[in-house]
Amino acid sequence: MILIAGPCVLESRDNVMRIAESLGKYHDDCTKDFYFKASFDKANRTSLDSFRGPGLDEGLKMLQEVKEQFGYKILTDVHDYTQPAAAAEVADVLQIPAFLCRQTDLLVAAAKTSAVVNIKKGQFLAPAAMEHSVGKVLKTRGFDGEVSYENAKKYKVWLTERGTTFGYGNLVVDMRGLKTMREFAPVIFDATHSVQMPASGGASSGGDSSFVPYLSRAAAAVGVDGFFFETHFDPSIALSDGPNMIELSKLDALIEQIDAIRMIVE
């Protein structure tokens, strides 16, 4: 099972290293393909005054330190076509943010690296529409055949579900979409962003992390290739996405439940 976990954004070095150290058990678990996740820049914050992160250069240095100290594989976001080449020197997975999943130049630039390309499904798109985003990466990597799970896996493309816009300031997860997207690529379920309430907290996004376990267990029952959890030792002080994060102390029990469900359905 692919497991992606870490803070939403790179905060202070002390915070990042503390979180990274707490995740070592998953790196050591032979049943998990573990990736440490953190963004060097959050380019889509609600307010201009919101914390965005240390930026590309300093952020990649911090992620490189995590990689060297703990041996983790790294996942980070890229936001425009100038970033993937540099980010791929450190990151094993380049993540395309949901708002940018149709941005051809960004997808092509990420596809020109050797990294896995993880495309988050836009909150505004039907699951079936993600076939075309996968196809852009496959074609850039020299494959012009059928967009399928096996071909995407071979050419290192993933899709991530993170919820669909439901009215204003809310998201809903259609579990049918997990099966639909899995026809095109390996699918990750982003349980913490799926409970986000975009721009509902005034100058920031809200969320309700109490629903993370329920959605995670449902996704495990449907069948996915992995899970994505933004996590923190104290979500109340997190500099981004705190309301939808899962606390580090609660992550173990949830992953045990997911593993148990996966054993039944696989």
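A residue is called buried when its relative accessible area is under 20%, exposed when over 50%, and partly exposed in between (1.4 Å probe, protein chains only). The model toured here is predicted, with pLDDT of at least 70 required for local features and 80 or more for side-chain atom pairs, while totals for chains, interfaces and linings use all residues. Residues are numbered from 1 along each chain as its sequence is written, and side-chain values use heavy atoms, leaving out hydrogens and water.

Select Cys8 to begin. At 1% relative accessibility, Cys8 counts as buried. Cys30, by contrast, counts as exposed because its relative accessibility is 77%. A search for disulfides (cysteine sulfur atoms paired within 2.5 Å) finds 0 in the whole structure. For Cys8, the nearest cysteine sulfur belongs to Cys101, 18 Å away.

Next, display the largest nonpolar core, which has 70 residues. Such a core is a set of buried Ala, Val, Leu, Ile, Met, Phe, Trp, Tyr and Cys residues joined through side-chain atoms within 4.5 Å. Leu23, Phe36, Ile119 and Phe229 have the most contacts inside it. Helix α10 (residues 248-265) gives the most to this core, with 6 residues. A second, separate core of 9 residues includes Ile4, Val93, Ile188 and Phe228.

Finally, select α10 together with helix α9 (residues 212-222); helices are DSSP runs (H or I, at least four residues), numbered from the N terminus. Their axes, lines fitted to C-alpha atoms over the stretch in contact, lie 8 Å apart at an angle of about 20°. α9 is therefore roughly parallel to α10, a term for angles under 35 degrees. Among the residues in contact (heavy atoms within 4.5 Å) are Val212 and Ala220 of α9 and Leu254 and Ile261 of α10.

Definitions and conventions
Helix = DSSP H or I, 4+ residues; strand = E, 2+ residues; numbered from the N terminus. Axes fitted to C-alpha atoms, helices over the stretch in contact; angles between N-to-C directions. Parallel < 35°, antiparallel > 145°, perpendicular 65-115°, else oblique.
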